[in-house]
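Colleague: I'd like to learn how to read a model like this one. Could you walk me through it, starting with what counts as a polar contact?

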Amino acid sequence: MKKHAAAIILIISIALIVSGCSSQIPAINGADVTQVSIPVNSTIFDGKGNEVSKLFDKENREYVPLAGIPDYLVKAFVVTEDQRFYEHSGVDAKGIFRALYRDVTSQSLREGASTITQQVAKNAFLTQEKTIGRKLSEMAIAIELEQDYTKEQILEMYVNLIYFGEGVYGVKTAAQQYFGKDVKDVSISEAAMLAGLPKAPSAYSPRRDMTKAEERRNVVLNLMREHGVISAEQALKAEREQIKLAPGRRPANNEHRAYMDYVVKEASQLLQVDEASVRSGGYRIYTSFNSAVQRVVNESVSSHKFSDDRAGRGVEVGMAVLKPRTGSIVAVYGGRTYQARGFNRATAYFQPGSVLKPLAAYAPAIETKGWKPYDRITDAPTTFDGYTPKNYGERYFGNVTLYEALSRSLNVPAVYLLHDVGIEAGARIVQAAGIELDPKDKGLSLALGGMTRGASPLQLAQAYSAFANHGKVPNAHAIVEIQDRNGKTIYKTEAVQKQIMEPETADTISEMLQGVITEPFGTGRNAYFGKPAAGKTGTTQVPTLGTEANKDAWFVGYTSDFVTAIHVGFDQTDREHYLSNGGGREPAELFSTVMRQVYGN
């Protein structure tokens, strides 16, 4: 009885349509049909303007105007899906009555009788459920669409909205997916196959069953011939054409997906929209991405033998590479096991350890108290206001220069300097460099990287840009420009640099940090790669596991062209998973490998 009642309701609704009382039909809740928003893939470009990634949220779709589609393909959709498209006003009463008769006699809702306009209404505003209520809304919206748009505009919406199987939406994406070509280049035979897909994308997919796909194509070709879209000769030739499918597409951009995910986050913040909207907003996003540097980073990590890898869980790596003068991010490494939209270790926070010493202790000491690299300082067990720092391995070297103290990464001299200049002076430079501090962080342990939250590789790469850039910190960014789907520029980055220390201070620190790499006693000797470079190691320990167990290992190094911050460590450190070496080992080795290849190429 319910099915019969539903059929009666539908018949009454059709009578209302025919009589012009369409306002009595329920439409979607407050939908403004004058604003049809079609989700469209956004595109990311590298620093040279080359396309490197397509983004989408749930629907993989590229938009194409009707003028970019062959006329025979457009007409193939019309003769296949809605032969009376140019005659009806959104709802085809004849088709509906015919479908209703079949529905009533079969006691089902199998006959949809949807026009092209109704399909636009359904895909743009409604769900795919098969209910009388949804069908009534679909018809009401279709009638409104016909009042607000031309037939050509509705056709353009249709070919860009519909699903073609294999996870792709829109005719342009479908042409690329199945035939590996732009939609403007598809043959008549390929056009007929595409036009045959919307009826049942899974059943007629040529990737799943070519025989069925060709049978469906031939049905469409016959319709095209009957309606004068093509000649009998063209139809016969198209039937004989052997369809050549494009190679199956592997998941795109795995090699740089951490960078692309970061771009989406940055765009979301800049445009103040959610990430899903960024992916499906049809934006053209121009970045500073350098595929050559990214490739070197990826290969360097993948070829490295990590001594602390364990069965079932390996050491993880986070890395960020940027240009010190502009802050342009050229490469991001999110982790050896990075998953799309996952935990990005280049932007995650870790305890920085000794890589904070140049920022928190040495730079402010040189800047505010006039300390010089070869001034002498005592390295011996000392208590400062109740705080007693210890050197690694509890080795002390007595009377040393600042240069040697920094190269050896001695703890007591660093705390001495911060105590001398005052904690606020050290905190000021750290914060000015872009590293956030909790009020609890403002203690003498800051000289050794003691922080509540920590810092990310990307933050430290930006902070060290001050040393490579004569005291100026640029705003680290991946995005250069964003255009909307119409090509209008809606965001353009501005070169912003902040002077956080005197140029002489930054240059002095750089001279000292070169010793970390070049001196026999430097902790970063493994970072040497044959070119002038400076850098700093950092290591944090796990007190509960003893002095031989480390949690975080760092190397932040730079040349005049690139700043590279590298963090190595387990995602979860425990008695079975910890680092046996510090920042002077594998992070420094990775820096050397990356830079050697970057400059070698």
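Modeller: Sure. A polar contact is a pair of N or O atoms within 3.5 Å; within protein, one has to be able to donate a hydrogen and the other to accept it. Keep in mind that this is a predicted model. Take Y599: its side chain makes such a contact with the side chain of T559, at 2.6 Å.

Colleague: Which other side chain makes a polar contact with the side chain of Y599?

Modeller: That of D561, at 2.7 Å.

Colleague: And where does Y599 lie?

Modeller: In helix 20, which covers residues 586-600. Beyond its neighbours within four places in sequence, Y599 touches F529, T559, D561 and F562. K531 is worth a look too: Y599 and K531 are 68 residues apart in sequence, but their C-alpha atoms are 8.6 Å apart in space.

Colleague: Is Y599 buried or exposed?

Modeller: In between. Buried means under 20% relative accessible area and exposed means over 50%. Y599 has 29%, so it counts as partly exposed.

Colleague: How does that look for the whole protein? What share of the residues is buried?

Modeller: 53% of the 601 residues. The protein exposes about 26800 Å², and carbon and sulfur atoms supply 48% of that. As for contacts between residues at least 6 apart in sequence, 70% join residues at least 24 apart.

Colleague: Let's turn to secondary structure. How many helices and strands are there?

Modeller: 20 helices and 16 strands. For reading sheets, the general idea is that strands pair through backbone hydrogen bonds, either parallel or antiparallel. Here, five strands make an open sheet in the order 2-1-5-11-12, with mixed pairing.

Colleague: Which strands stand at the edges of that sheet?

Modeller: Strand 2 (51-55) and strand 12 (489-492). Each has a single partner strand, so one side of each is left without a neighbour in the sheet. On average, neighbouring strands here are turned by 15° against each other, ignoring direction.

Colleague: What packs on the sheet?

Modeller: Helix 11, residues 257-271. It touches strand 1 (42-45), strand 2, strand 5, strand 11 and strand 12, and its direction makes about 65° with that of strand 11.

Colleague: How do I follow the pairing of strand 5 and strand 11 residue by residue?

Modeller: Look for the bridges. Strand 5 (residues 284-287) and strand 11 (residues 479-483) run antiparallel and are joined by four of them. R284 has Q483 as its bridge partner, while T287 has I479.

Colleague: And how many bridges does strand 11 have with strand 12?

Modeller: Three, again in the antiparallel sense. Q483 stands opposite T489 in strand 12. These two strands form a hairpin with five residues between them, and G487 in the turn has a positive phi of about 85°.

Colleague: Why would you call strand 11 largely enclosed by the rest of the structure?

Modeller: Because four of its five residues are buried.

Colleague: Last thing: how far should I look at confidence before reading details?

Modeller: Start with pLDDT, the predictor's confidence in each residue, from 0 to 100. The protein averages 90, and 89% of the residues score at least 70.

Colleague: Where does pLDDT stay under 50?

Modeller: Residues 1-9 are one such stretch, with eight contacts beyond four places in sequence in the model. Residues 18-30 are also under 50, and there the model has 20 such contacts.

Terms used
Residues numbered from 1 in each chain as written. Predicted model: local features only at pLDDT ≥ 70, side-chain atom pairs only at ≥ 80, totals over all residues. Heavy atoms only, no water. Buried < 20%, exposed > 50% of the residue type's maximum accessible area, 1.4 Å probe, protein only. Contact = heavy atoms within 4.5 Å. Areas by Shrake-Rupley, 256 points an atom, 1.4 Å probe, with all protein chains shown as cover. Pairing = 2+ DSSP bridges. Axes fitted to C-alpha atoms, helices over the stretch in contact; angles between N-to-C directions.
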